[in-house]
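Reader: Could you walk me through this one before I set anything up? I'll ask as we go.

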Amino acid sequence: MEYECHGARKYKTQPCAPINFLCGLPLLESVTRSPMAKKITYRSTSEPRLLDRSLLALIIGAILLGGQASGNALFELVIQTIALVTAFAVLDSPSPTFTVPQRFSLLIIIGMMAIFAIQLTPLPYSVWAALNRVETAELVLKAFKLDNGWRPLSLTPHETVENLFLLLPPIAAYFATAKLGARGRNRVVLCVAVMAALSVALGYLQYASGGNSYYFYSEVSRGYATGFFSNRNHQADLAILGLLMCFALFDHEQPGTGRFSTLQANLVLAGAVLYFGVGVLATGSRMGFLLGGFACVAILLRKLKGFQQGALGWLTAMAMGAFALIAIATINGSRVLGATIARFDTDGDMRLEVWPEVIRMAKETLPFGSGIGSFETYYRHGEPLEKIGPRFINSAHNEYLEIALETGVFGLVLMAGAIGLLGWSSWRAYASRHNRDNLDSVGYGAIVGTIIILLHSAFDYPLRTTGLAVVFAVLCSLILARGSDTVEGRNG
């Protein structure tokens with residue numbers, strides 16, 4: 001069936017009404033709807049609406065409930081249930097024409113599933129013993145007379161299965177975003193920006209309470225802003241992504257074509273720099289401090305591209321810089337900024353002690369790895385006695401080393417392929433002069449956002465939280481949709 005909507009849209013009762021209520025979709029649509037009452041035709045109204053609203057619900061649920069790496073089982077179940085609805089909507093919606101990078105991404109996802117299959121497939125004990133590189137595991141099995149039967153290659157198969165289910169939300173978000181039109185993508189960008197703004201607002205309340213109230217989790221960095229997350233570094237990541245999404249919404253490459261005037265949009269963007277910038281500093285995150293500056297520079301460079309047409313752009317640029325300086329000066333004497341700067345001293349940094357051991361363990365478990373999700377267990381098994389202390393190591397604080405340990409050669413190849421595909425798609429979308437001049441702000445913000453997450457992954461584990469994993473999948477989908485020979489217009 002076909003609906004033609006002019007101006008105010010008509011809504012029909014859908015079976016996904018709870019999702020609509022959760023998303024607050026009428027508010028999102030009222031903000032993103034063009035002032036020009038453009039005609040919109042849906043081939044099937046129920047399919048796009050279910051796809052659009054389930055994806056928005058997935059993003060909201062993932063950020064709101066998936067802010068901890070070792071998340072609450074009930075929260076993860078809720079997120080995965082929404083992801084199943086989103087996956088159903090993806091399968092039930094018309095198939096778009098995928099770009100070449102999107103087709104390659106399918107191979108990478110299939111490769112990921114193959115790694116899980118290899119690690120979880122039960123093998124006869126003789127075959128397992130021949131492939132297993134962890135001698136201690138074999139000795140323990142023999143000591144308890146368990147050296148018979150069938151065993152998977154993963155040393156912690158239950159953790160591997162759990163991680164398999166944790167992949168469902170980001171994969172569903174990736175394919176759902178790929179099937180959206182321009183308006184749907186704008187709503188997704190707005191949703192991420194709104195959720196980031198709410199998380200920053202909660203962080204302000206946490207900081208104002210002196211670290212005593214408004215925290216979502218018991219194990220948090222008390223005294224700092226963590227928002228919907230348990231880790232202040234991950235809160236800083238979301239705040240930076242929120243700033244980039246605000247930039248994507250309010251950057252006017254063609255003045256006068258949007259809902260706001262160019263001056264209004266630039267003022268809103270300057271305010272967003274202040275709001276999210278102070279929110280990042282309130283986390284006390286070192287990487288947030290650096291990556292937030294990187295994001296501001298990226299935004300400024302993008303704005304400078306169009307500033308040759310008049311003095312208004314230069315004034316806006318200076319205003320943005322002034323707002324940033326005011327934000328820093330405002331808290332210059334606070335303990336948060338001082339503590340953040342002091343933390344750049346690398347003496348006693350746990351990472352410098354852990355990384356050499358992880359590299360050694362990764363070499364020991366080649367080529368299959370120790371099993372996805374096995375880091376915590378395997379590191380405790382292989383940690384040298386002289387380095388055992390009161391600190392509990394639950395992650396390598398380097399996503400690339402942890403992947404190498406858990407997945408071996410196959411994971412390293414897939415990881416290199418995924419990063420290479422993102423880089424290639426970003427280059428194709430931005431390299432040539434024609435594409436660079438026509439790449440919209442959503443694509444540019446997505447490219448900068450993925451770079452920030454990939455950089456931070458070298459020092460932390462942002463993608464181990466469902467919230468950031470879903471947002472990252474959305475950004476990747478936005479990039480790969482643009483990594484084709486032709487650049488999609490702003491209106492889809």
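Reader: What is threonine 226 in contact with, leaving aside its neighbours within four places in sequence?
Author: With that restriction, threonine 226 is in contact (heavy atoms within 4.5 Å) with Gln206, Tyr215, Val220, Ser221, Asn231, Arg232 and Gln235. This is a predicted model, where local features need pLDDT of at least 70 and side-chain atom pairs count only at pLDDT 80 or more, while totals for chains, interfaces and linings use all residues. Residues are numbered from 1 along each chain as its sequence is written, and side-chain values use heavy atoms, with hydrogens and water left out.

Reader: Is threonine 226 buried or exposed?
Author: Threonine 226 counts as buried because its relative accessibility is 0%, where buried means under 20% relative accessible area, exposed over 50% and partly exposed in between, with a 1.4 Å probe and protein chains only.

Reader: And how far is threonine 226 from serine 199?
Author: The two are 27 residues apart in sequence, and their C-alpha atoms are 8.0 Å apart in space.

Reader: Switching topic, which residues have the most contacts inside the largest nonpolar core?
Author: Those are Leu58, Ile59, Leu244 and Phe276, in a core of 80 residues. Beyond four places in sequence, leucine 244 touches Ala295, Ile299, Gly445, Val448, Gly449 and Ile452.

Reader: What about confidence, how does pLDDT average over the protein?
Author: The average pLDDT (the predictor's confidence in each residue, from 0 to 100) is 78, and 74% of the residues score at least 70. Over residues 1-47, however, pLDDT stays under 50, although the model has 79 contacts there beyond four places in sequence. Where pLDDT is low, the predicted coordinates should not be read in detail.

Notes
A nonpolar core is a set of buried Ala, Val, Leu, Ile, Met, Phe, Trp, Tyr and Cys residues joined through side-chain atoms within 4.5 Å.
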